[in-house]
Amino acid sequence: MAVKPEKKLTRIELEFDKGNWELTTTKQYELLTSEAVWRAFLNSYTGRGFVVFDEEVLTREKILETLKELNPKIVGEETLTVEELIDKSMSWNNVLA
């Protein structure tokens, strides 16, 4: 399957209940099994995370429904392209100066 670099994705920043690492890990895995989810990270220690997904295929309501046991709240949102996501994921962008 080929994806155009200019395809639009949505990144939502989340806050949720902290502490239950087992449930958080399970929910992160559930999200990542969807083809519409490009990235997902849920940190049970901080109660924060993010999900990058294709909103044409998967709605934010479905994501929040999947995470309902964690009491998620969307605290930020960003639209980005596949090209921008790949560029931001490159290791040289993660080097501390």
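In the predicted model, Asn71 is located in the loop that runs between α2 (60-66) and β4. The phi angle of Asn71 is near 55°, which is a positive value in a residue that is not glycine. With a relative accessible area of 48%, Asn71 is partly exposed, since this value falls between the limits of 20% for buried and 50% for exposed residues.

The two elements that flank this loop contribute further positions. On one side, Leu64 belongs to helix α2 and is partly exposed, its relative accessible area being 26%. Between the C-alpha atoms of Leu64 and Phe53 the distance is 13 Å, for a sequence separation of eleven residues. On the other side, Glu77 is placed in strand β4. Its relative accessible area is 49%, so Glu77 is assigned as partly exposed, the limit for exposed residues being over 50%. The C-alpha atom of Glu77 lies 7.2 Å from that of Thr10, although 67 residues separate the two along the chain.

A second loop, between β3 (48-53) and α2, contains Glu55. Glu55 is partly exposed at 32% relative accessibility. From Glu55 to Ala40 the C-alpha distance is 14 Å, with their positions 15 residues apart in the sequence.

Salt bridges were then considered. Side chains of opposite charge can pair when their charged atoms come close. With a cut-off of 4 Å between a side-chain nitrogen of Lys or Arg and a carboxyl oxygen of Asp or Glu, the structure has ten salt bridges. One of the pairs consists of Arg11 and Glu13, whose side chains meet at an N to O distance of 2.7 Å. Both partners are partly exposed: Glu13 has a relative accessible area of 24%, and Arg11 has a relative accessibility of 22%.

Another salt bridge joins Lys27 to Glu30, with 3.6 Å between the closest N and O atoms. Because Lys27 and Glu30 are three residues apart in helix α1 (residues 21-32), about one helical turn separates them. The two partners fall into separate accessibility classes. Lys27 is buried, with a relative accessible area of 7%, whereas Glu30 is partly exposed at 35% relative accessibility.

In the salt bridge between Lys88 and Glu78, the closest N and O atoms are 2.8 Å apart. This pair links distant parts of the chain, with Lys88 in helix α3 and Glu78 in strand β4 (residues 73-81), ten residues apart. Lys88 is partly exposed at 45% relative accessibility, and Glu78 is also partly exposed, at 32%. Beyond these pairs, a network of salt bridges links Lys7, Asp54 and Glu56.

Charged residues without a salt bridge were examined for surface clusters. A patch of negative charge on the surface is made up of Glu6, Glu83, Glu84 and Asp87. Of these residues, Asp87 lies in helix α3 (residues 82-89). Asp87 has a relative accessible area of 42% and is therefore partly exposed; membership of a patch requires over 30% relative accessible area and no salt bridge.

Aromatic contacts were searched over the whole structure, and one aromatic pair was found. The pair is formed by Phe41 and Phe50. A pair of aromatic rings is described by the distance of the centres and the angle of the planes. For Phe41 and Phe50, the centres are 6.3 Å apart and the planes make an angle of 40°. The pair is accordingly classed as tilted, as the angle lies between the limits of 30 degrees for stacked and 60 degrees for edge-to-face rings. Phe41 is partly exposed, with 39% relative accessibility.

Conventions:
Residues are numbered from 1 along each chain as its sequence is written. This is a predicted model: local features need pLDDT of at least 70, side-chain atom pairs count only at pLDDT 80 or more; totals for chains, interfaces and linings use all residues. Side-chain values use heavy atoms; hydrogens and water are left out. Patches are made of residues with over 30% relative accessible area and no salt bridge: like charges are joined within 9 Å, nonpolar side chains (Val, Leu, Ile, Met, Phe, Trp, Tyr) within 5 Å. Accessible areas come from the Shrake-Rupley method with a 1.4 Å probe; for residues, only the protein chains shown count as cover. Lys and Arg count as positive and Asp and Glu as negative; His and the chain ends are not counted. The place of a charge is taken as NZ of Lys, CZ of Arg, CG of Asp or CD of Glu. Helices (H or I, at least four residues) and strands (E, at least two) are DSSP runs, numbered from the N terminus. Buried means under 20% relative accessible area, exposed over 50%, partly exposed in between (1.4 Å probe, protein chains only). Rings of Phe, Tyr and Trp (its six-membered ring) pair if their centres lie within 6.5 Å; planes under 30 degrees apart count as stacked, over 60 as edge-to-face and the rest as tilted.
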